[in-house]
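Reader: Hey, got a minute to walk me through this one? I'd like to start with how the helices sit together and then wander from there.

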Amino acid sequence: MKYLLDRTDEQILNELKNNARISHAELSSKVNLSRNAVRVRIERLEREGFIKGYTIVSGEGLSKEALTTAMMFVYRYDRMRGGDVIHALRRIPEVVSCDVMTGDFDLLVRVESADADRIRQIWQLISELPGVRDTLTAFALSSVIRK
């Protein structure tokens, strides 16, 4: 049976989305629970898949301008049995997201690197993967919204 979120769970998730490093003590005061109750709820949210992981979003102080971003549309020969391509993409550290798309597109892959030539190397690697029929790549000029 899938666990249903209550209002407190939703508050905890919202607070963690705003600041994943918030202490249990601070979080407990915001949702009006004990620290232990917050810890137990977070563990349950992780176990139930509502929290799948934690990540770092680089701040402006880390030379955000030096980061090059490319969006790659990857077309597979077989959309239904093309899991090998997705498995290979997971092993490329610069691939920060991969979405399965509807319609004409197949996979939308976001690649980020400090070196534009590295993105070219990744494009070449992806285009040579067995199961990849074609690719289309666009470089981002700037990032105006990033959450």
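**Helices, rings and a few single residues**

Author: Sure. Helix 1 and helix 3 pack with their axes 11 Å apart, at an angle of about 85 degrees. That makes helix 1 roughly perpendicular to helix 3. Keep in mind that this is a predicted model.

Reader: Ok, which residues make the contact between helix 1 and helix 3?

Author: From helix 1 you have Thr8, Asp9, Ile12, Leu13 and Leu16, and from helix 3 there are Arg41, Ile42, Arg44 and Leu45.

Reader: And how does that contact break down by class?

Author: The contact of helix 1 with helix 3 has 5 nonpolar, 1 polar and 3 charged residues.

Reader: What about helix 2 and helix 3, at what angle do they pack?

Author: About 95 degrees, with the axes 8 Å apart. Helix 2 covers residues 24-31 and helix 3 covers residues 35-47. Helix 2 and helix 3 are therefore roughly perpendicular to each other.

Reader: Which side chains should I click on for helix 2 against helix 3?

Author: In helix 2, pick His24, Ala25, Leu27, Ser28 and Val31; they meet Arg35, Val38, Arg39 and Ile42 in helix 3. By class, that contact of helix 2 with helix 3 has 5 nonpolar, 2 polar and 2 charged residues. Ile42 is listed in the contact with helix 2, and Ile42 is also listed in the contact with helix 1.

Reader: Nice. What sits in the loop between helix 2 and helix 3?

Author: Asn32 is in that loop. Its phi is near 60 degrees, which is a positive value in a residue other than glycine. For background, most residues other than glycine have a negative phi.

Reader: Is Asn32 buried or exposed?

Author: Asn32 is exposed, with a relative accessible area of 71%.

Reader: Back to helix 1 for a sec. Where is Arg7, and how far is Arg7 from Val31 in space?

Author: Arg7 is in helix 1, which runs over residues 7-18. Arg7 and Val31 are 9.5 Å apart, C-alpha to C-alpha, with their positions 24 residues apart in sequence. At 65% relative accessibility, Arg7 counts as exposed.

Reader: Switching topic: how many aromatic pairs are there?

Author: The structure holds 2 aromatic pairs. In one of them, Phe73 and Phe105 are stacked, 4.3 Å centre to centre with 25 degrees between the planes.

Reader: Where do Phe73 and Phe105 come from in the fold?

Author: Phe73 lies in strand 1 (residues 68-76), and Phe105 is in the loop between strand 2 (95-100) and strand 3 (107-113), so the pair ties together parts that are 32 residues apart in sequence.

Reader: And which residue makes the tilted pair with Phe105?

Author: Tyr75 does: Tyr75 and Phe105 are 6.5 Å centre to centre, with 45 degrees between the planes. Tyr75 is in strand 1 and Phe105 in the loop between strand 2 and strand 3, so this pair ties together parts that are 30 residues apart in sequence. Ring pairs link Phe73, Tyr75 and Phe105 into a cluster.

Reader: How accessible are Tyr75 and Phe105?

Author: Tyr75 is buried, at a relative accessible area of 13%, whereas Phe105 is partly exposed at 33%.

Reader: Let's do helix 4. Which of its residues are buried?

Author: Val85, Ile86, Ala88 and Leu89 are the buried residues of helix 4, which spans residues 83-90. They cover an arc of only 160 degrees around the axis, which puts them on the same side of helix 4.

Reader: What covers those buried residues of helix 4?

Author: The cover includes strand 1, strand 2, strand 3, helix 5 (116-127) and strand 4 (132-139).

Reader: And which residues are exposed on the other side of helix 4?

Author: Asp84 and Arg90 are exposed there. Arg90 has 66% relative accessibility. Arg90 and Leu4 are 86 residues apart in sequence and 30 Å apart in space, C-alpha to C-alpha.

Reader: Last one: where does Asp117 lie, and how far is Asp117 from Ala20?

Author: Asp117 lies in helix 5. The C-alpha atoms of Asp117 and Ala20 are separated by 33 Å, and the two are 97 residues apart along the chain. At 35% relative accessibility, Asp117 counts as partly exposed.

Conventions:
Residues numbered from 1 in each chain as written. Predicted model: local features only at pLDDT ≥ 70, side-chain atom pairs only at ≥ 80, totals over all residues. Heavy atoms only, no water. Phe/Tyr/Trp six-rings, centres within 6.5 Å; stacked < 30°, edge-to-face > 60°. Helix = DSSP H or I, 4+ residues; strand = E, 2+ residues; numbered from the N terminus. Buried < 20%, exposed > 50% of the residue type's maximum accessible area, 1.4 Å probe, protein only. Axes fitted to C-alpha atoms, helices over the stretch in contact; angles between N-to-C directions. Parallel < 35°, antiparallel > 145°, perpendicular 65-115°, else oblique. Contact = heavy atoms within 4.5 Å. Nonpolar A, V, L, I, M, F, W, Y, C, P; charged D, E, K, R; others polar. Arc of directions from axis to C-beta.
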